[in-house]
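Biologist: Please take a close look at the ligand site for me. After that, go through the parts of the backbone that deserve a second glance.

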Amino acid sequence: MSLADQLSGLALESAAQPQFSNQVARDGDEPPSPTPSSPRQRKTYSIDTELVFTEHNDQFKSSSMPLYQTATFKQDSLSNMGEYDYTRSGNPTRSHLERHLTRITPGAVRSLVVSSGMTALDVITRLLKPGDEVIAGDDLYGGTNRLVKYLATSGGITAHHVDTTNVEAVRAVASPKTAMILLESPTNPLIKIADIAALAKVVHDAAPDALVVVDNTMLSPLLMSPLELGADIVYESGTKYLSGHHDLMAGAIMVRDHKVGDRLFFVVNASGCGLAPFECWLLERGLKTLGIRMEKQQRNAQFIADFLESAGFKVRYPGLRSHPQYDLHWQQSRGAGAVLSLETGDVELSERIVEGTHIWGISVSFGCVNSLISMPCKMSHASIDAKTRKERDFPEDLIRLCVGIENPDDLLDDLKTALIKAGAVKINVDGSVIRLPPATA
Ligand code: PLP
């Protein structure tokens, strides 16, 4: 269906909207909602540079993108409509951010920003229709699991939850009825790696029109480019690394095909879930430091993971050689990220460790400059019932660490203190750490 066809089905407040579609048709490779602040043609730089380098044509040459905190835009006349008329349909601050995301996402031709990561998935799954089949990982984020379950019980969708680390398990359920596959890599919090290129091929071979959808929240565009590995849509919770400070909720969707982008934009405009201007402005500001934050967070995460592994804990982190899919992860990614998890062997011991930290905040979510600690079974993944968690080998004692940018020695000291207080380890006089078996704790 052409964009013009889609738009003709809309009861738009936006008389200016068809101008966007003309713009798309004329420019081909540019997203709609063109903004005077985003030049169309220029040399592209490496992602670290693109993160901070944004040009715009603001009349006062403001250093940061102006915030258009407005719902409506006045028109010159009834016959001469401007580029923007109503913020639900388009806003220059949002357009600027969307174009920026497109530039920093290899393989993307268009981006859309919406009110949360879950909204991004909601928009994407509106492309499904009753009777469609969806393949979903068995270790997806709890909220994703909840939405897929809702679609399966109330939306006429058939969902196949399989272990996406196993390409053959996906091949076994892929069929011409497959309309979508939902992938995460690394998964959160079991840190399982999915072979995105192989899975995209399996699904596209079985159903050429199926959409391969990757939630790239754990790595961000800096560390993995799913669209270049064969995915059709990549989305992220902008609440996490993209913004970096846990001061906003946002979702970002990036596509490699304009037709898919047009269908998604239809949903965003029709449902009114586009990201509000102030959140766009904040997210744009956060993006500028993504490179430096991620670099420090990864370094700290590796330091903590090395310590915990040497102390004898089972640690899941793709920066450790002991990770069973270490090679696969590094084939498709440029870094290990900053989320790791560990098992203690005892739920109550894990609870004591989590509650014994001071710098590490007990909090859901990740991607913040502050270090966070949590027990997924009781927090972010509590929406997955205990029986399903058991079926999926989800350890109830799992502790998730989301490492921030603090001084690494402070982070380690704080964690060591919590481990000692909880009875998980003892420190010898020579400073070496001895892991205590859970029973003695
Ligand atoms: N994807 C992953 C991997 C997440 O961890 C989360 C939230 O924790 C989401 C998506 C949902 O994002 P949001 O909380 O912004 O809706």
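Modeller: What follows starts at the ligand and then moves to the backbone and one helix.

This is a predicted model. The shell around the ligand holds 14 residues, and those that come nearest are Met118, Asp215, Ser237, Thr239 and Lys240. By type, the shell divides into five nonpolar, six polar and three charged residues. Three side chains can be paired with particular kinds of ligand atom. Asp215 places a polar side-chain atom 2.6 Å from a nitrogen atom of the ligand. Thr239 has a polar side-chain atom 2.6 Å from an oxygen atom of the ligand. For Ser116, an N or O atom of the side chain is 3.5 Å from a ligand oxygen atom. The ligand exposes 390 Å² when taken alone, and the protein buries 93% of that area.

Next come the peptide bonds and the phi angles. Most peptide bonds are trans, and most residues other than glycine have a negative phi. Two bonds that precede prolines are cis here. One joins Ser185 to Pro186, with omega near -5°; the other joins Asn188 and Pro189, with omega about 10°. Pro186 sits in the loop that runs between strand 4 (178-184) and helix 8 (196-206), and Pro189 is likewise in the loop between strand 4 and helix 8.

Two residues that are not glycine have a positive phi. For Lys61 the angle is near 55°, and for Ser220 it is about 75°. Their surroundings can be set side by side. Lys61 belongs to the loop between helix 3 (47-52) and helix 4 (92-104), whereas Ser220 is part of helix 9 (residues 220-223). Lys61 counts as exposed because its relative accessible area is 70%, and exposed means over 50%. Ser220 counts as buried because its relative accessibility is 0%, and buried means under 20%.

Two further residues make C-alpha pairs across a gap in sequence. Gly251 lies in strand 7 and is buried, with a relative accessible area of 0%. Its C-alpha is 5.7 Å from that of Glu236, a residue 15 positions away in sequence. His246 is found in the loop between strand 6 (233-237) and strand 7 (251-255). With 28% relative accessibility, His246 is partly exposed. The partner of His246 is Cys368: the two are 122 residues apart in sequence, and their C-alpha atoms are 5.7 Å apart in space.

Last is helix 16, which covers residues 408-422 and has 15 residues. From first C-alpha to last, helix 16 reaches 21 Å, close to the 21 Å expected at 1.5 Å a residue. Its buried residues are Leu411, Leu412, Asp414, Leu415, Ala418, Leu419 and Ala422. These residues lie on the same side of helix 16 because they cover an arc of only 165° around the axis. Asp414 is among the buried residues of this helix, and by type it counts as charged.

Definitions and conventions
Residues are numbered from 1 along each chain as its sequence is written. This is a predicted model: local features need pLDDT of at least 70, side-chain atom pairs count only at pLDDT 80 or more; totals for chains, interfaces and linings use all residues. Side-chain values use heavy atoms; hydrogens and water are left out. A residue is near a molecule or strand if one of its heavy atoms lies within 4 Å of it. A polar contact is a pair of N or O atoms within 3.5 Å; within protein, one must be able to donate a hydrogen and the other to accept it, and residues adjacent in sequence count only if both atoms are side-chain atoms. Accessible areas come from the Shrake-Rupley method with a 1.4 Å probe; for residues, only the protein chains shown count as cover. Helices (H or I, at least four residues) and strands (E, at least two) are DSSP runs, numbered from the N terminus. The expected span of a helix is 1.5 Å times one less than its number of residues. Buried means under 20% relative accessible area, exposed over 50%, partly exposed in between (1.4 Å probe, protein chains only). The arc is that of the directions from the helix axis to the C-beta atoms.
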